[in-house]
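This briefing sets out the fold, the surface, the cysteine pairing and one acidic residue of a protein model. The sequence and structure appear directly below.

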Amino acid sequence: VQLVESGGGSVQAGGSLRLSCAASGIILRLNDMGWFRQTPGKERELVAGISAAGTTWYADSAKGRFTISRDNAKSTQSLQMNSLRPEDTAMYYCALGLGARTRGKFDYWGQGTQVTVSS
């Protein structure tokens, strides 16, 4: 299984970025998917998730600003991030797993893509 993120970069506060994650080696439609982020010295935190059935959930910090989506036919998931804030600066990781939301555990992870938001 391989997950490859793209779309990170630097943006000013208030701007937008769209992260994408391409998956291979797995039947994507069966899996829950998610986006996590991590900054140095802090634990990795869930930003948004989307179940195999398409149900979405978000961290409070992401609600109203971020939108997660998936395209099973293309084996991709995306995270549209609007109204970005400096505190959104982090390494963002794509993850997936069978029944991940229920189990509380994602099994596969990408290498991450850096998002930097300047004030």
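A residue is called buried when its relative accessible area is under 20%, exposed when that area is over 50%, and partly exposed in between, with a 1.4 Å probe and protein chains only as the basis. The model is predicted: local features need pLDDT of at least 70 and side-chain atom pairs count only at pLDDT 80 or more, while totals for chains, interfaces and linings use all residues. Residues are numbered from 1 along each chain as its sequence is written, and side-chain values use heavy atoms, with hydrogens and water left out.

**Fold and dimensions**

- The protein contains one helix and 11 strands, where helices (H or I, at least four residues) and strands (E, at least two) are DSSP runs numbered from the N terminus.
- Read from the N terminus, the order of elements is β-β-β-β-β-β-β-β-β-α-β-β.
- The radius of gyration is 13 Å, which agrees with the value near 14 Å for a compact globule of 119 residues; the radius is taken over C-alpha atoms, and the globule rule is 2.2 Å times the number of residues to the power 0.38.
- Along the principal axes, the C-alpha atoms occupy a box of roughly 40 × 25 × 25 Å.

**Packing, surface and charge**

- Of the 119 residues, 40% are buried.
- Among contacts (heavy atoms within 4.5 Å) with a separation of 6 or more, 56% join residues 24 or more positions apart.
- The exposed area is about 6100 Å², of which carbon and sulfur atoms supply 48%; accessible areas come from the Shrake-Rupley method with a 1.4 Å probe, and for residues only the protein chains shown count as cover.
- There are 13 positive and 9 negative side chains, and the centres of the two sets lie 4 Å apart. Lys and Arg count as positive and Asp and Glu as negative, without His or the chain ends; each charge is placed at NZ of Lys, CZ of Arg, CG of Asp or CD of Glu.

**Disulfide**

- Cys21 and Cys94 form a disulfide with sulfur atoms 2.0 Å apart, the criterion being a pair of cysteine sulfur atoms within 2.5 Å.
- Cys21 belongs to strand β3 (residues 17–24) and Cys94 to strand β9 (residues 90–97), so the pair ties together parts 73 residues apart in sequence.
- The torsion about the S-S bond is about -75°, so this disulfide is left-handed.
- Cys21 and Cys94 are both buried.

**Asp88**

- Asp88 is located in the loop between β8 (76–81) and β9.
- Asp88 counts as buried because its relative accessibility is 0%.
- Apart from neighbours within four places in sequence, Asp88 contacts Arg37, Arg65, Phe66, Ser83, Val115 and Val117.
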